[in-house]
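Visitor: Could you take me through a single part of this predicted model, the surroundings of one bound ligand, slowly enough for a first-year student to follow?

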Amino acid sequence: MASHIVGYPRVGPKRELKFALESFWDGKSSAEDLQKVAADLRASIWKQMSEAGIKYIPSNTFSYYDQVLDTTAMLGAVPPRYGWNGGEIGFDVYFSMARGNASVPAMEMTKWFDTNYHYIVPELSPEIKFSYASHKAVEEYKEAKALGVETVPVLVGPVSYLLLSKPAKGVEKSFSLLSLIGSILPVYKEVLAELKAAGATWVQFDEPTLVKDLDAHQLQAFTHAYSELESSLSGLNVVIETYFADVTAEAFKTLTGLKGVTGYGFDLVRGTKTLDLIKGGFPSGKYLFAGVVDGRNIWANDLASSLSTLEALEGIVGKDKLVVSTSCSLLHTAVDLVNETKLDKEIKSWLAFAAQKVVEVNALAKALAGQKDEAFFTANAGAQASRRSSPRVTNEAVQKAAAALKGSDHRRATNVSSRLDAQQKKLNLPALPTTTIGSFPQTLELRRVRREYKAKKISEEEYVNAIKEEIKKVVKLQEELDIDVLVHGEPERNDMVEYFGEQLSGFAFTVNGWVQSYGSRCVKPPIIYGDVSRPKPMTVFWSSFAQSTTKRPMKGMLTGPVTILNWSFVRNDQPRFETCYQIALAIKDEVEDLEKAGITVIQIDEAALREGLPLRKSEEAFYLNWAVHSFRITNCGVQDTTQIHTHMCYSNFNDIIHSIIDMDADVITIENSRSDEKLLSVFREGVKYGAGIGPGVYDIHSPRIPSREEIADRINKMLAVLESNILWVNPDCGLKTRKYSEVKPALSNMVAAAKLLRSQLASAK
Ligand SMILES: Nc1nc2c(c(=O)[nH]1)N[C@@H](CNc1ccc(C(=O)N[C@@H](CCC(=O)N[C@@H](CCC(=O)N[C@@H](CCC(=O)O)C(=O)O)C(=O)O)C(=O)O)cc1)CN2
Ligand code: MET
Ligand SMILES: [Zn+2]
């Protein structure tokens, strides 16, 4: 019985890759230093899997930034603005595409399906000449082989690659991305030939778009692509991986009918309906890669339950054709539980990170082969039982209060335009008010202060004073820049979700449970293991202090329930909406305490609302309903004069704009500039929108500093579709990842642009 891992985290158990990348980008270390760290990480992962007994070990799942960008490099699909002149793509071009450089902005970055991972969106045009420009897949295969490890090279499948791309700017609308399939397949063929020559016997194509609602034309593209590849695939075993949801009956039919393919991988955690399709008929002689170990979460697998699923599948596909696997790449979970020294022992026994999941996959495969590790299974059953019955998981009062919310409605009493009038009387803001999204740069000094306080190396008093100084500095800077609605800069927060998790009951934390979000940036999602409640106010102290240092309005800054839910590792023992309602009640208490403390503008970030949208249309309405309801619960109790802001990032909102309006926030600040202002088209199409809105005027994910003219130009585009009295001026997102040397000139240009347009508006009157 065989075992397989779809993919593995590359950042390293202690974020070694992150530090190596950032040091290289800062010019503090060489390309060779970076390559050495990367090679050591790959070697240790391969060794670990091979020692665990995994049969199908992936290679080419490492990436210096992103696997879709790696595919863009493989295909030589570099947008002309990066000045690439052919040849093997090096760090220069590669990182310019990812991060931009002094003269050229970065490529667009967007959410990878419904995860908190972000990929770099390929930009394609009919004229593009593809060429084999990065041999990384082959090099990694050979590198593992040289270490004595036979691997399965993983490629982003050709059809998913195109479906995840976008037409380059200026390309005519009728251009179909799928029409490029014939142009990219020759490169894939070269890669396959080279892999075969190097000795590869298996190859894995990740085609996760197969879990979406695809039309007949899109499905046809898979059939076409794989029959085109058939001769190149001969002599290789081929597995097509799908993940993140179940596949439709049509997609299942297409997939299992593909030529040249030996096996199919399915996510059997999120895609339980796929089980019925498999039971309804699985092609004989083909391999089933059964993804029973959850790659999206940190819970230990219920081995007994997985084993019975696998036994049933064995009856269908045959003993020698069933492969035990993970539900998706382990990229989306934390790396190694071994490094968690501070976790409560009982809670720790409920968990498995990537390294432990590898062991689970292997234990299941061995059990199927009749070599069950009884001790391992017994310990696992014990942990499952302890989690089911532990009193620390349940809080009946919370359960009751949350249950009462379901089915009821929660809304502010007056409509948004009359609220905005009441707020303006109080706030007296200029036209095109300027603001920022919340965080200011997290300097090394600041991180040191937080770290030393956590480690009890400095006293509470020293810590509080240091944070107060930082807030004063940030307030002063904003006043000097002449920003209208201020923020305190979030210096006391490590992360906008983790910070709240740390103060709510029902959450546990890790020390090293990092998960890659984009590039070198990682998050440490808290673990929601029990019913959620708020023992005491969380932000009132800092927000009140910040407000006391300025006459300008200071935004209270909270993370909303949907975002806390979507960016945590959530319970899998109750529906997501139940957990979300519990968090909503906790945030509601916080909103009301802030209002009582005299904070008149409160921002409740719902950065992750869009990414939680189910991948299948049929499930969207249900999600949007409870998600938007949860948001409204948090602020339905405030006065008309309290202005509620929300913020969202990376959002393709056009399809859910009515739900966004239904959140009934007074002001929304929204990412806009790193996605070619796609957001604005929804207003161009005439959607009625009356609340305040601040589409981001510049991309904060890039070190590049936008000019006043460029920002003014962006604001002008907004004014063409939105009334000037509802428009706000702000960056795309928080500034915590930037340096002050970037933030000061960028914000200064932003305020100058707003002032320029204010005067133009005034003289036009
Ligand atoms: N949860 C979440 N998801 C999100 C976002 C977000 O802000 N939060 N933003 C969007 C974009 N994604 C982002 C993801 C991460 C970061 C980010 O800045 N991450 C930081 C980590 C932030 C953090 O929590 N750092 C801690 C830990 C500090 C630290 O690094 N300490 C050292 C200690 C070393 C020592 O003891 O000497 C370490 O652990 O390495 C802190 O600042 O307090 C990073 O990777 O650099 C930004 C955006 C989408 N998804
Ligand atoms: C990822 S959304 C970020 C919102 C948060 N208030 C910040 O400014 O960092
Ligand atoms: Zn954001």
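Guide: In this predicted model, a polar atom in the side chain of R15 lies 2.6 Å from an oxygen atom of ligand 1, and another oxygen contact involves R450, where an N or O atom of the side chain is 2.4 Å from an oxygen atom of the ligand. With D495 the partner on the ligand is a nitrogen atom, which is 2.6 Å from an N or O atom in that residue's side chain. Taken alone, ligand 1 exposes 970 Å², and the protein buries 80% of that area.

If you now follow the chain, you will find that the elements giving two or more residues to the shell around ligand 1 are the helices α1 (16–25) and α17 (444–454), together with the strands β14 (515–518) and β15 (521–523). The shell also draws on both domains, since at least three of its residues come from domain 1 (2–390) and at least three from domain 2 (416–764).

As for the residues themselves, 23 of them surround ligand 1, and the closest are R15, K18, N116, R450 and D495, so that the three residues described at the start, R15, R450 and D495, belong to this closest group. Sorted by the character of their side chains, the residues of the shell divide into nine charged, seven polar and seven nonpolar.

How values were computed. Residues are numbered from 1 along each chain as its sequence is written. Chains are lettered from A and ligands numbered from 1 in the order in which they are written. This is a predicted model: local features need pLDDT of at least 70, side-chain atom pairs count only at pLDDT 80 or more; totals for chains, interfaces and linings use all residues. Side-chain values use heavy atoms; hydrogens and water are left out. A residue is near a molecule or strand if one of its heavy atoms lies within 4 Å of it. A polar contact is a pair of N or O atoms within 3.5 Å; within protein, one must be able to donate a hydrogen and the other to accept it, and residues adjacent in sequence count only if both atoms are side-chain atoms. Accessible areas come from the Shrake-Rupley method with a 1.4 Å probe; for residues, only the protein chains shown count as cover. Helices (H or I, at least four residues) and strands (E, at least two) are DSSP runs, numbered from the N terminus. Ala, Val, Leu, Ile, Met, Phe, Trp, Tyr, Cys and Pro count as nonpolar, Asp, Glu, Lys and Arg as charged, and the others, Gly among them, as polar. Domain bounds come from an automatic or database domain assignment.
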